[in-house]
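Open the model in your viewer and keep the selection tool ready. The stops below go one selection at a time.

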Amino acid sequence: MTGRVIAVGGHESDGAAALTGVLGPEVVRVAGGRELVREVRSARAGGERVCVVPMTLGRDPSLVADTARTLLALDASERAGTVLAEPFATTAHLVGWLRTLATRVPDDRALLVTAPSGDPFSDADLFRTARLVRQYGRHRNVEVALLGGDPGLAEGVRRCRALGAPRVVVLPAAWAVPEPTGVPHTEYGGPLLSGSAAAGVLASRVREAQDRYERSGDDGVARALAADHDHGHAHSHGPDGHDHDHGHSHSHSHSHGHGDSHGAGPDPGGDHHHRTPSHAPRSEAEPPVRHQGAAPDLVPSHRSPR
């Protein structure tokens with residue numbers, strides 16, 4: 001990787017603080033906003049190329065859009081040579097990585113999919129993710145815990161125990177999920193990704209962004225501005241099911257995948273539009289799934305990175 005790589009964190013990484021033990025020292029970690037502007041300006045003043053990577057695991061599309069808006073505030077000389085990469089991952093990647101962790105957990109354990117609480121829509125995505133982990137896994141009990149939210153860790157463990165599980169394994173669905181030390185009947189099933197796997201995915205995001213910029217001059221900012229387009233009340237349709245005219249066309253092409261990652265290589269990326277990615281880090285890839293019916297679309301309505 002050439003130039004300066006800046007990883008931007010949101011609620012999934014406690015404002016990038018939880019990325020310290022995951023990413024190498026050569027990667028700058030910021031919480032966005034002024035920190036991001038300061039780092040980009042510093043790099044560009046020294047003549048360095050810059051690649052900014054939103055470190056969401058799919059549950060924080062607002063992080064992607066907010067990062068793009070921050071970069072728009074730079075002047076022309078600072079934006080020249082600065083590219084915005086696709087997000088680190090989508091919820092489809094997250095489902096696959098969690099399923100990989102689940103394969104290492106004995107069948108009699110309950111799985112507790114855990115992440116810091118975000119907004120209501122991000123939290124709802126975590127329940128959806130947990131449901132998909134259960135659907136295509138072998139564990140009967142898969143519950144959710146929201147750190148700083150409801151249900152919290154203690155309540156999640158209580159629910160698992162009430163369902164008859166002798167032990168509960170916490171599966172981290174975010175960067176900022178500490179080991180549950182001191183919590184009875186509970187053990188840690190993480191980390192979500194090894195350091196080498198995370199580095200491989202990050203390197204792929206950076207390489208793709210730089211290649212795109214060199215080929216077409218596309219810095220990725222315009223695309224990222226719409227990342228949270230379908231995230232929130234503005235696109236929540238009421239129980240009457242009527243259509244809303246938002247002044248633009250909703251033309252979504254769905255490819256109904258299963259969250260499988262069967263390819264080789266360090267990048268678990270996929271297509272840009274509602275497709276389950278086809279490549280995953282070999283060490284983190286989940287096994288093939290045996291389906292009993294048509295699977296739902298694993299990718300949320302915001303854009304999937306490659």
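Which residue just after H7 takes a positive phi? Select Gly217: its phi is about 80°. This is a predicted model, and the tour starts from the helix that precedes this glycine.

**Helix H7**

Select residues 195-216, which make up H7. Its end C-alpha atoms are 32 Å apart, and the 22 residues at 1.5 Å a residue should span 32 Å, so the two values agree. Now colour the buried positions of H7: Ala197, Ala198, Gly200, Val201, Leu202, Ser204, Arg205, Val206, Ala209, Gln210 and Arg212. Two arginines, Arg205 and Arg212, are in that buried set. To see what covers the buried residues, show strands S1 (4-8), S2 (27-30), S3 (50-54) and S4 (82-84), together with helices H4 (91-102) and H8 (221-224), which are among the covering elements.

**The nonpolar cores**

Next select Met55 and Phe88. Within the largest nonpolar core, which has 51 residues, these two touch the most other members. The element that gives the most to this core is H7, with 6 residues. Another core, of 18 residues, lies apart from it; select Ile6, Ala43, Val64 and Ala68 to find some of its members. In soluble globular proteins, nonpolar side chains tend to be buried together.

**Strand S7**

Move to residues 168-172, strand S7. Is this strand enclosed or open? With 5 of its 5 residues buried, S7 is largely enclosed by the rest of the structure. Show the side chains: Val168, Val170 and Pro172 point one way, while Val169 and Leu171 point the other way. In a regular strand the side chains alternate between the two faces of the sheet.

Add the two partners of S7. Strand S5 (residues 110-116) pairs with S7 in the parallel sense over 5 bridges, and Leu111 stands opposite Val169. Strand S8 (residues 186-188) also runs parallel to S7, joined by 3 bridges; here Val170 stands opposite Tyr188.

**Two cis peptide bonds**

From S8, step into the loop that leads to H7, where Pro191 lies. The peptide bond joining Gly190 and Pro191 is cis, with omega about 10°. Another cis bond runs from Asp150 to Pro151, with omega near 5°. Pro151 lies in the loop between strand S6 (142-147) and helix H6 (153-162).

**The loop between S1 and S2**

Select Asp14, in the loop between S1 and S2. Its phi is near 55°, a positive value in a residue other than glycine. Ala16 is in the loop between S1 and S2, and its phi is positive too, about 80°, although it is not a glycine. Which of these is buried and which is exposed? Asp14 has a relative accessible area of 53%, so it counts as exposed, the cut-off being over 50%. Ala16, at 5%, is buried.

**Whole chain**

Finally, select everything. The protein has 8 helices and 8 strands, and 50% of its 306 residues count as buried. Among contacts with a separation of 6 or more, 70% are between residues 24 or more positions apart. The exposed area is about 13500 Å², of which carbon and sulfur atoms supply 50%.

Colour by pLDDT last. The average is 81, and 74% of the residues score at least 70. Over residues 233-306, pLDDT stays under 50; the model has 172 contacts beyond four places in sequence for this stretch.

Note on methods:
Residues are numbered from 1 along each chain as its sequence is written. Side-chain values use heavy atoms; hydrogens and water are left out. A nonpolar core is a set of buried Ala, Val, Leu, Ile, Met, Phe, Trp, Tyr and Cys residues joined through side-chain atoms within 4.5 Å. Buried means under 20% relative accessible area, exposed over 50%, partly exposed in between (1.4 Å probe, protein chains only). Helices (H or I, at least four residues) and strands (E, at least two) are DSSP runs, numbered from the N terminus. Two strands pair if DSSP finds at least two bridges between them. Contact means heavy atoms within 4.5 Å. Accessible areas come from the Shrake-Rupley method with a 1.4 Å probe; for residues, only the protein chains shown count as cover. pLDDT is the predictor's confidence in each residue, from 0 to 100. The expected span of a helix is 1.5 Å times one less than its number of residues.
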